Amino acid sequence: MKPLTGLRIADFTVHAAGPFCTHMLSQMGAEVIKVETALRPDIFRKSHAVYGRQGPATFDQVSSNKLSVRLNLKHPEGVALAKKLVGVADVAAESFRAGVMSRLGLGYEVLRGVKRDIVMVSVSSSGQTGPESHFAGYAPLFGAWGGLGYLSGHADGPPVEMRHVMDHSVGMHAALATLAALNRRRRTGEGCHVDVAAREVASSLVGDFLTAASAGVSVGRMGNDDLTRAPHGLFPTADTDRWLSISVSSDAEWKVLTTIIGQPHLADDPRFATQAERYANRRALDAPISDWTSGQGGEAAAERLQAAGVAAHLSWAASDIVSDPHMRARGAILDVAETDGNRRAAVGRPARFAGDDAPGITRGTPALGGDEDYVYGELLGLSGAQISALIEDEAIY
């Protein structure tokens, strides 16, 4: 049994951050019912060229495992049906702008009236309160607002846009907050409204730099440098566009590295005798290390350095991860069957639980409205005639 088996989530989220939250919970066993509408499909469900394929790859990534029902939340009967769905759920998750759910007649106080102990999770760019709560946002803005983008990139270049990593970081934080709220409900019997602001998640990831700023210390973009380690960074290899990540953390590792690269005299060079001196003269280290790595096969060089106790690894592309035997053996990468009969690689849950060997993903992306017989018929007890009437009236649409 998966840890969250028996938990049911009414999922009103869209795009990536909110859906990634419920996707993570689904991989741990929660039954997630995604509420959609053909009137305004999730922009990520629409077929679009991305990641080298023509199809909704971004949607597939966060929608595997989920059930799908259609609901027109602009229709009074659609709203009424949404309330019935929340009535049989433990969690209601949404990721619209602040205030949208209330305007639809599905705000927290309304849903609390439907089910007293409901946990409602709201994911937005700036939170449900505050002077900027109405601001719209998407992944690059989260990183920009939160200070993460400003710290990413090279010193002589602009800040770097943070994209899906921001959505997924927000989703992970929202999943954690959801579990905390459910634990609180278990102890007190009370539900609550969980308010997750994406820009605040981004800021939480740069807490050490915020501390420095409060002390008057300004930290800028460091490229591939570390704050104290040297050599540290990415170095070219003999393989096209294959880069070797190396990080030396001690004098002992430095001496080993100088021997491996055939430059043992560098260990006695006063410019590099200590970690502090190596860091101060780190640019002078780039050439001798690059000279060696550029003549080496990436995989072989990484294995040799690791065997000698020096932290090193190739900077992997997605294709490396998909075919990695270790990730496959752990079920971190697995193949799922889609409704069209094709199979695709998917990213499994990043945690293991003793006694639970079941894969995190057991079904592919749901077809729009593909689970309405189960949800509306079995869960909500509507007859076939009632469902047909709601479809005819476009409440289910």
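Student: How far apart are the closest N and O atoms in the salt bridge that Arg 349 forms with Asp 356?
Tutor: This is a predicted model in which local features need pLDDT of at least 70 and side-chain atom pairs count only at pLDDT 80 or more, while totals for chains, interfaces and linings use all residues. Residues are numbered from 1 along each chain as its sequence is written, and side-chain values use heavy atoms, with hydrogens and water left out. Arg 349 and Asp 356 form a salt bridge (a side-chain nitrogen of Lys or Arg within 4 Å of a carboxyl oxygen of Asp or Glu), and the separation of their closest N and O atoms is 2.8 Å.

Student: Are Arg 349 and Asp 356 buried or exposed?
Tutor: For Arg 349 the relative accessible area is 5%, and for Asp 356 the corresponding value is 7%. Set against the cut-offs (buried under 20%, exposed over 50%, partly exposed in between, with a 1.4 Å probe and protein chains only), Arg 349 and Asp 356 are each buried.

Student: How many residues apart in sequence are the parts that the pair of Asp 11 and Lys 66 ties together?
Tutor: Asp 11 forms a salt bridge with Lys 66, and their closest N and O atoms are 3.1 Å apart. Asp 11 belongs to strand β1 (residues 8–12), whereas Lys 66 sits in the loop between α2 and β5 (67–70); these elements are DSSP runs numbered from the N terminus (helices H or I, at least four residues; strands E, at least two). The pair therefore ties together parts whose separation in sequence, in residues, is 55.

Student: What is the relative accessible area of Lys 66?
Tutor: On the Asp 11 side of this salt bridge, the residue is buried, with a relative accessible area of 0%. Its partner Lys 66 is also buried, and the relative accessible area of Lys 66 is 0%.

Student: Which residue meets the side chain of Arg 45 in a salt bridge?
Tutor: Arg 45 counts as buried at 17% relative accessibility, and its partner, at 6%, counts as buried as well. The N to O distance between the two side chains is 2.7 Å, and the residue that meets Arg 45 is Glu 36.

Student: Which residues are linked with Asp 225 in a network of salt bridges?
Tutor: A search of the whole structure finds 21 salt bridges. One network of such contacts includes Asp 225, and the residues linked with it there are Arg 282, Arg 283 and Asp 286.
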